[in-house]
Amino acid sequence: MVVSMPPPYPMAIANGNGHLSRRTEVKSYEAPKLSIVDMWSLLLAQLKATTATIKGRYDERAGIEKEISARTDDWCINIFMEQYTRLEHLTSELEMQLAITQNLSQSQIQATSPLTTFTLTPWQMEERYRALIQLQSCLGSFFERASPAYDQSKTVWWFDPSYHQSDGLNYDRYGAPDVRESEARLLKALALGDEKLPLKLLLTSSGVAAFTVLNQFLLSKVLNTGDAIVISPYLYFECFEHLRQISHVRVVNSDTFDAEDIIATAEKHNAKVVYLDPMANTLGLDTTDIRRFAQLLEGRQGWSDRYLVIDGTLISGGMAIYDWFNKPSHPKVIYYESAHKYIQMGMDIVMLGLLVYPEPFHETMGLIRQVTGTTLYSRQANVLPPIDYNIHQSRMHWLTTNAEKLYHLLDKKASTIAQFNFPTHWRKMGWGHGGNVVTIRLFGDDQMNKRPSLDAFTSLVLRAAEEEGVGMTKGGGLGFSVTRIWPSTPFIRNEDPYMRISVGVDPDEVEPVARAIVKGLERHYRASQPGLPQWKLRENGMIKTNGLLEAYR
């Protein structure tokens, strides 16, 4: 399953005179270090270590209970121990299966070997790990409380010994030790800067919750009545609804996604805050070159007191944001993601958001999270896979490689009947990957891209996927491990919906997914507009005399 990265692409950067020069030594083009099975093996090793930590907490708690002659319930204790024993057994079983899968993928053992019955596909690796981490979360929270005690007589009201006789405030809404550990780990995994600028990461209960925290921070600490903020032509619709409710601040859209235009608009309106999406959730997957944005602001007057808000959801961990904005003339940067997508390795267990910002903002950001009730609680944090930089970047490599391949397959086979989009220029902007989204706009009359038509098309694609024997799902969201299809509403300029494909992680499923989409397109056109699309297909040499697509037959 190891796919090598393409050779480095030349990169455009600004030289001292403001002109563009070329370079090829870019960290984002390092080949991923991990195969798919490597990623899950490392995560499983971390899961084993966490299980041992949970058992250590149990043993320490049991020792204190014995020391103070606390009352205990053997019925509950037996449930915990049964769960612990079962989790250890199942973890060892999956460990063996992953080792066999790894060994067989690296050898020339025949497919008829008895060992092949123990090999796992990528979706099985995810499902089994997903089951184990949820069992582990149950184990870790089994004796835990949301308001742990500090001391006790006869009743122990905590599980993590760090709560016992602590000096802090034992209240889960204020942030728990396990949550803080997850935050520190994720900050390193995202690698948004080289750590010369001290940063903090805050986990929230959703992406919109993360936006709520940062927006409240700006309203309370930065913006005054009559001030302007500038946003690109698109902002995620629920976040935009936040801004629409603010009556004392002017919200101005730039005309385009170009860095130069956004800068000019901000300066024209003397905006104190600028909101950017590196890649927008639109049909065209419109992009703003964030690195170019930083280059243009280097040495520019009037920007050091401004704030730049960047939504990195679609390019999770793909940009060294704080390395690019590291000059005194640069604005202060707040970064956020809706993180129940890529960060969770596609497992989609809990809603999740994150914020990253300079350390001096931490006390205020934490207080806002606390008082707005946007906290991510420890029981939710404990089901997050403990990803590191290599795991995250390697998985994003697989997703981007697959999405780019799907885009090229579809564009080659069906460009006469639909428009396909993928940000193939992601390398030129210095990104570490290009995400996993491909969009489709159907050609035809004004009804072809309305919701009833797109729902019918989606159903045809799913039925074709059944014929191809490949997994697909219908639903919103992106970044999952199984390919997902969705008629997405852009919520921008009254545009029509469009088809969004979130491409899965298994390289072996890209071609059958492409065949299913092409079949769905041809069948939908035949049912909806039999004349024009048949002519277009025949013109392109894609139809046999019986009307079936030549492509992928």
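Gly-469 comes right after helix α13 and has a positive phi, near 70 degrees. The model is predicted. Helix α13 itself covers residues 451-468. At 1.5 Å a residue, its 18 residues should span 26 Å. The end C-alpha atoms are 25 Å apart, which agrees.

Which residues of α13 are buried? They are Ser-453, Leu-454, Phe-457, Thr-458, Val-461, Leu-462, Ala-464 and Ala-465. Several elements help to cover them. Four are strands: β11 (437-442), β12 (473-474), β13 (484-488) and β14 (498-502). Helix α14 is also part of that cover.

Helix α14 runs over residues 510-528. It has 19 residues and reaches 27 Å from its first C-alpha to its last. That is close to the 27 Å expected at 1.5 Å a residue. The buried residues of α14 begin with Val-510, Pro-512, Val-513 and Ala-514. Ala-516, Ile-517, Val-518 and Gly-520 are buried in α14 too. Leu-521, Glu-522, His-524 and Tyr-525 complete the buried list for α14.

**The chain as a whole**

The protein chain holds 15 helices and 14 strands. It has 553 residues, and 53% of them count as buried. Take the contacts in the chain with a separation of 6 or more. Residues 24 or more positions apart account for 69% of these.

**Three helices, two packings**

Helices α1, α2 and α3 supply two helix pairs. The table sets out their geometry.

| Helix pair | Packing angle | Distance between axes |
|---|---|---|
| α1 (residues 36-67) and α2 | about 160 degrees | 10 Å |
| α2 (residues 74-105) and α3 | about 160 degrees | 10 Å |

Start with α1 and α2. Their angle of about 160 degrees makes α1 roughly antiparallel to α2. The crossing of α1 with α2 is left-handed. From α1, the residues in this contact include Val-37, Trp-40, Leu-44, Leu-47, Ile-54 and Tyr-58. Among their counterparts in α2 are Ile-77, Phe-80, Met-81, Tyr-84, Leu-87 and Leu-98. The contact of α1 with α2 divides into 13 nonpolar, 5 polar and 4 charged residues.

Next come α2 and α3. With an angle of about 160 degrees, α2 and α3 are roughly antiparallel to each other. Their crossing is left-handed. From α2, the residues that meet α3 include Phe-80, Tyr-84, Leu-87, Leu-94, Leu-98 and Thr-101. On the α3 side, Met-125, Arg-128, Tyr-129, Leu-132 and Leu-135 are among the partners. This contact of α2 with α3 has 12 nonpolar, 5 polar and 1 charged residue.

Some α2 residues take part in both contacts. Phe-80, Tyr-84, Leu-87 and Leu-98 are among those that meet α1, and they are also among those that meet α3.

**Met-125 in helix α3**

Met-125 lies in helix α3, which spans residues 122-141. Is Met-125 buried or exposed? Its relative accessibility is 1%, so Met-125 counts as buried. Leaving aside neighbours within four places in sequence, Met-125 is in contact with Ile-36, Val-37, Trp-40, Leu-98, Thr-101 and Leu-120. Two of these, Leu-98 and Thr-101, belong to the α2 side of the contact with α3. Val-37 and Trp-40 lie in α1. Met-125 and Met-39 are 86 residues apart along the chain. Their C-alpha atoms are separated by 9.8 Å.

**Three loop residues**

Ser-329 sits in the loop between α9 (321-324) and β8 (332-338). At 14% relative accessibility, Ser-329 counts as buried, because the cut-off is under 20%. Beyond its neighbours within four places in sequence, Ser-329 is in contact with Leu-297, Glu-298, Gly-299, Arg-300, Trp-303 and Ser-304. Leu-297 is 32 residues from Ser-329 along the chain. The C-alpha atoms of these two residues are separated by 6.9 Å.

The other two loop residues share a backbone feature. Most residues other than glycine have a negative phi. Ala-191 has a positive phi of about 50 degrees, although it is not a glycine. Its loop lies between α4 (177-190) and β3 (199-204). Ala-191 is partly exposed, with a relative accessible area of 25%.

Asn-270 is not a glycine either, and its phi is positive, about 50 degrees. It lies in the loop between α7 (259-268) and β6 (273-276). With a relative accessible area of 55%, Asn-270 is exposed.

How values were computed. Residues numbered from 1 in each chain as written. Predicted model: local features only at pLDDT ≥ 70, side-chain atom pairs only at ≥ 80, totals over all residues. Heavy atoms only, no water. Expected span 1.5 Å × (residues − 1). Buried < 20%, exposed > 50% of the residue type's maximum accessible area, 1.4 Å probe, protein only. Contact = heavy atoms within 4.5 Å. Axes fitted to C-alpha atoms, helices over the stretch in contact; angles between N-to-C directions. Parallel < 35°, antiparallel > 145°, perpendicular 65-115°, else oblique. Left-handed = near helix turned anticlockwise from the far one by under 90°. Nonpolar A, V, L, I, M, F, W, Y, C, P; charged D, E, K, R; others polar.
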